[in-house]
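Reader: I would love a close look at one part of this protein, namely its loops and the residues that sit in them. Could you take me through them, with enough of the overall picture to place them?

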Amino acid sequence: MLSQSGAFWPGKERENPEHEWITRQYEASKKLPVRFVLQAGVLEVVNTPLNGPSILMCNRHMRDVLKAKGYEVYCSEIGGGHEPLSWRGGLAEGLIQLLGAKTP
């Protein structure tokens, strides 16, 4: 799974004030044979709607949850914000990480 500036901040519905619903779902579920690449910009630090955590903080939290579950996770923080210019640089690297040989 390749995520660029992943919106992990919403609740189950976008307007639900219980933020990071999807992260809690991964935390509570059994581990699956999935490899993750998470990329977020270091400038993605503003609060999300309903005074939610920033995209950068949510991506860091998701990384920590996935690693604690034993997933293979590649995480990088791009020198930019929430924009295509930041994402295009990470696409090739992310695909290589996903399609490359599994690390021991």
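Author: Happy to; what follows begins with the whole chain and then goes through the loops one after another.

Please keep in mind that this is a predicted model. The protein has 3 helices and 3 strands, and from the N terminus on they come in the order β-α-β-α-β-α. The radius of gyration of the protein is 14 Å, close to the 13 Å that the globule rule gives for 104 residues, so the protein is as compact as a globular protein of that length. Along the principal axes, the C-alpha atoms occupy a box of roughly 40 × 35 × 15 Å. Of the 104 residues, 37% count as buried. The accessible surface comes to about 6,200 Å², and carbon and sulfur atoms account for 60% of that surface. As for charge, there are 12 positive and 11 negative charges in the protein, and their mean positions lie 8 Å apart.

One more overall value is useful before the loops. Taking contacts between residues at least 6 apart in sequence, 75% of them join residues at least 24 apart. Several of the loop residues below can be read with that in mind.

Let us start with the loop between β1 and α1, where S5 is found. Is S5 buried or exposed? Its relative accessibility is 6%, and S5 therefore counts as buried, the cut-off being under 20%. Which residues does S5 touch, leaving aside its neighbours within four places in sequence? The list is Q39, A40, E44, I55, N59, G81, H82 and W87. To place some of these partners: β2 covers 35-41 and α2 covers 55-68, while β3 covers 72-78 and α3 covers 84-99. Q39 and A40 thus carry numbers from the β2 range, I55 and N59 carry numbers from the α2 range, and W87 has a number from the α3 range.

Further along the β1-α1 loop comes P10; the loop runs between β1 (2-4) and α1 (21-28). P10 has a relative accessibility of 16% and counts as buried. Not counting residues up to four places away in sequence, P10 touches E18, H19, E20 and W21. P10 can also be placed against P49: the two are 39 residues apart in sequence, and their C-alpha atoms are 8.2 Å apart in space.

E20, one of the residues that P10 touches, lies in the loop between β1 and α1 as well. What is special about its backbone, given that E20 is not a glycine? Its phi is positive, at about 60°. For background, most residues other than glycine have a negative phi. With 15% relative accessibility, E20 counts as buried.

The loop between β2 and α2 comes next, with T48 as one of its residues. T48 is buried, its relative accessible area being 10%. Beyond its neighbours within four places in sequence, T48 is in contact with W9, P53, S54 and I55. I55 also appears among the contacts of S5, which links the accounts of the two loops.

L50 has its place in the loop between β2 and α2 too. Like E20, L50 is a residue other than glycine with a positive phi, and the phi of L50 is near 60°. Where E20 counts as buried at 15% relative accessibility, L50 counts as partly exposed at 41%.

That leaves the loop between β3 and α3, which holds G81. G81 counts as buried at 7% relative accessibility. Setting aside neighbours within four places in sequence, its contacts are S5, L43, E44 and S86. The contact with S5 brings us back to the β1-α1 loop, and E44 is in contact with S5 and with G81. For a sense of distance, the C-alpha atoms of G81 and F8 are separated by 16 Å, with their positions 73 residues apart along the chain.

A last word on the cysteines, in case you plan to check the bonding. The count of disulfides comes to 0. C58 is in no disulfide, and the nearest cysteine sulfur, that of C75, is 12 Å away. C58 is buried, with a relative accessible area of 0%, whereas C75 is partly exposed, at 33%.

Conventions. Residues numbered from 1 in each chain as written. Predicted model: local features only at pLDDT ≥ 70, side-chain atom pairs only at ≥ 80, totals over all residues. Heavy atoms only, no water. Helix = DSSP H or I, 4+ residues; strand = E, 2+ residues; numbered from the N terminus. Rg over C-alpha atoms; globule rule 2.2 N^0.38 Å. Buried < 20%, exposed > 50% of the residue type's maximum accessible area, 1.4 Å probe, protein only. Contact = heavy atoms within 4.5 Å. Areas by Shrake-Rupley, 256 points an atom, 1.4 Å probe, with all protein chains shown as cover. Lys, Arg positive; Asp, Glu negative; His and termini not counted. Charge placed at Lys NZ, Arg CZ, Asp CG, Glu CD. Disulfide = S-S within 2.5 Å.
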